[in-house]
Amino acid sequence: MANRPINIYEFEALSNDRLPKQEYDFIAGGATDEITLRRTREVFDSIMLRPKMLVDISQMDLSTTVQGQRIEFPVMADPSGGHGRAHPDGELATVRAAGAMGTALVLSSGSSYTLEEVASVATGPIWWQQYLYSDRGLTMELADRAKSAGYSVLCITLDSTVQAKRERNIRNDYSSPPSPNYAHLELNQWQRWDVSSDAPSGVNALIDRKATWSYLEWLAGNTSMPVVVKGVMTGEDGRLAAEHGAKGIIVSNHGARQLDTTFASVEALPEVVRAVEGRAEVYLDGGIRRGTDVLKALALGARAVLMGRPLFWGLSVDGEEGVKTVMGFLRDELGQAMGMCGRPTIDSIDTSLIGIVSPLQSVLSPPAWPPTSQA
Ligand SMILES: Cc1cc2nc3c(=O)[nH]c(=O)nc-3n(C[C@H](O)[C@H](O)[C@H](O)COP(=O)(O)O)c2cc1C
């Protein structure tokens with residue numbers, strides 16, 4: 001088919017045509033001026049690759065492990081609320097796609113189907129995402145429910161305590177539906193983007209605004225699931241997360257949807273990797289749209305990456321098949337880029353792949369040392 005989308009950007013363009021404007025904007029948008037949203041792509045595009053030639057690439061292997069579980073390529077599905085806004089099958093389609101592609105899905109607590117419904121059709125690894133709630137009983141109740149349903153990792157999102165100012169949603173008078181995961185709480189409030197208060201509404205109002213690292217440590221000590229934290233953007237917080245029981249850290253700024261004018265997450269990645277010193281696995285999300293983005297993130301120290309918005313683009317265009325296609329683009333582009341860079345395995349990807357400053361810089365402004373003349 002001549003018009004079929006051949007990359008993630010083309011999937012997004014088709015979704016923009018198909019989805020109601022307020023839904024497209026909700027998914028695509030970022031916070032306030034969307035400075036970090038734009039910066040994220042600019043940064044990825046400004047990192048250059050330094051390929052190696054004449055390396056044996058006859059046996060390519062993109063598989064790796066995350067929290068001890070094998071995935072076929074180092075890209076997972078990010079937790080992202082309400083896949084039903086893009087396709088009636090919602091997360092049932094996404095989890096089937098992830099399983100079929102041999103990778104993991106992190107299910108958002110804001111999912112359109114219950115965590116049990118999603119788990120019942122999963123064929124690959126599933127992780128569960130939630131928050132630190134004011135009611136610690138609720139925190140444990142959801143974590144235990146997820147564990148019993150078959151989720152293997154508990155992902156705690158740290159960056160959503162305050163409701164962000166997302167101006168596209170305010171302009172569209174957008175409301176997010178409540179998730180059936182919380183149905184037993186009889187929370188029927190739809191979450192509206194209200195600028196009169198920074199206090200989250202609906203389910204988000206349950207998040208503990210007093211929470212500190214001791215809450216995380218308490219949770220890690222009270223669940224048998226490994227805890228992965230999501231939303232770390234500095235080396236200091238990376239170190240604290242590892243010290244307080246996190247077994248994994250997702251370097252993320254929530255897809256530039258929370259605090260605007262942070263660095264792109266990929267810029268924060270190296271300092272987190274350095275500070276964590278191997279005590280936890282470090283992952284990255286934010287702006288992953290090309291196989292080369294995955295390769296750059298891995299070269300800068302991420303064990304794997306996750307993607308959010310492309311899941312919705314895949315779903316809205318072609319449901320489960322669309323998500324598989326989007327994941328397949330990243331897998332295939334990554335394989336091609338690894339081959340062309342002379343890196344046949346995930347372990348062979350290292351920092352020497354990365355170029356930030358043009359080599360021409362040294363011609364234009366020679367280093368001050370060693371001195372070139374003794375005049
Ligand atoms: C529509 C949408 C809903 C999201 N919902 C959640 C959520 O429920 N929990 C969460 O931790 N992150 C949520 N996120 C953030 C993603 O997990 C992820 O950090 C972000 O989308 C990564 O950037 P990318 O979209 O550029 O890949 C959401 C993102 C989008 C686009």
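How do the residues of the lining of the largest pocket divide into nonpolar, polar and charged? In this predicted model, the split comes out at 17 nonpolar, 24 polar and eight charged residues.

That pocket is a good place to begin. The largest pocket has a volume of about 880 Å³, and 49 residues line it, with F26, S80, G81, Y131 and H254 sitting closest to its centre. As for secondary structure, at least two lining residues apiece come from helix 2 (21–28), strand 13 (304–307) and helix 12 (309–340).

Next up is the second largest pocket, which holds about 540 Å³ of space. Its lining is made of 24 residues, and those closest to the centre are L158, D159, S160, T161 and G231. Sorted by class, this lining has eleven nonpolar, ten polar and three charged residues. Helix 8 (213–222) and strand 10 (227–232) both chip in, each with at least two residues of the lining.

Helix 8 also turns up in a helix pair. Its axis comes within 9 Å of the axis of helix 9 (residues 235–243), and the two cross at roughly 35°. On the helix 8 side the contact is made by W213, L216 and E217, which meet D237, L240, A241 and E243 of helix 9. Counted by class, the residues of this contact are four nonpolar and three charged, with no polar ones at all.

Then there is the ligand. It is surrounded by 23 residues, of which P79, S108, T157, D285 and R289 are the closest. Some polar contacts can be picked out atom by atom. On the side-chain end, an N or O atom of K230 is 2.9 Å from a nitrogen atom of the ligand. The backbone gets involved too: an N or O atom of the G287 backbone lies 2.8 Å from a ligand oxygen atom, and for G308 a backbone N or O atom likewise lies 2.8 Å from an oxygen atom of the ligand.

Notes. Residues numbered from 1 in each chain as written. Predicted model: local features only at pLDDT ≥ 70, side-chain atom pairs only at ≥ 80, totals over all residues. Heavy atoms only, no water. 1 Å grid on protein atoms, 1.4 Å probe; cavity = no way out; pocket = protein on both sides within 12 Å on 5 of 7 lines; lining within 4 Å. Points joined across faces, edges and corners; volume = space filled by probe spheres on them. Helix = DSSP H or I, 4+ residues; strand = E, 2+ residues; numbered from the N terminus. Nonpolar A, V, L, I, M, F, W, Y, C, P; charged D, E, K, R; others polar. Axes fitted to C-alpha atoms, helices over the stretch in contact; angles between N-to-C directions. Contact = heavy atoms within 4.5 Å. Near = heavy atom within 4 Å. Polar contact = N/O pair within 3.5 Å; in protein donor to acceptor, adjacent residues only side chain to side chain.
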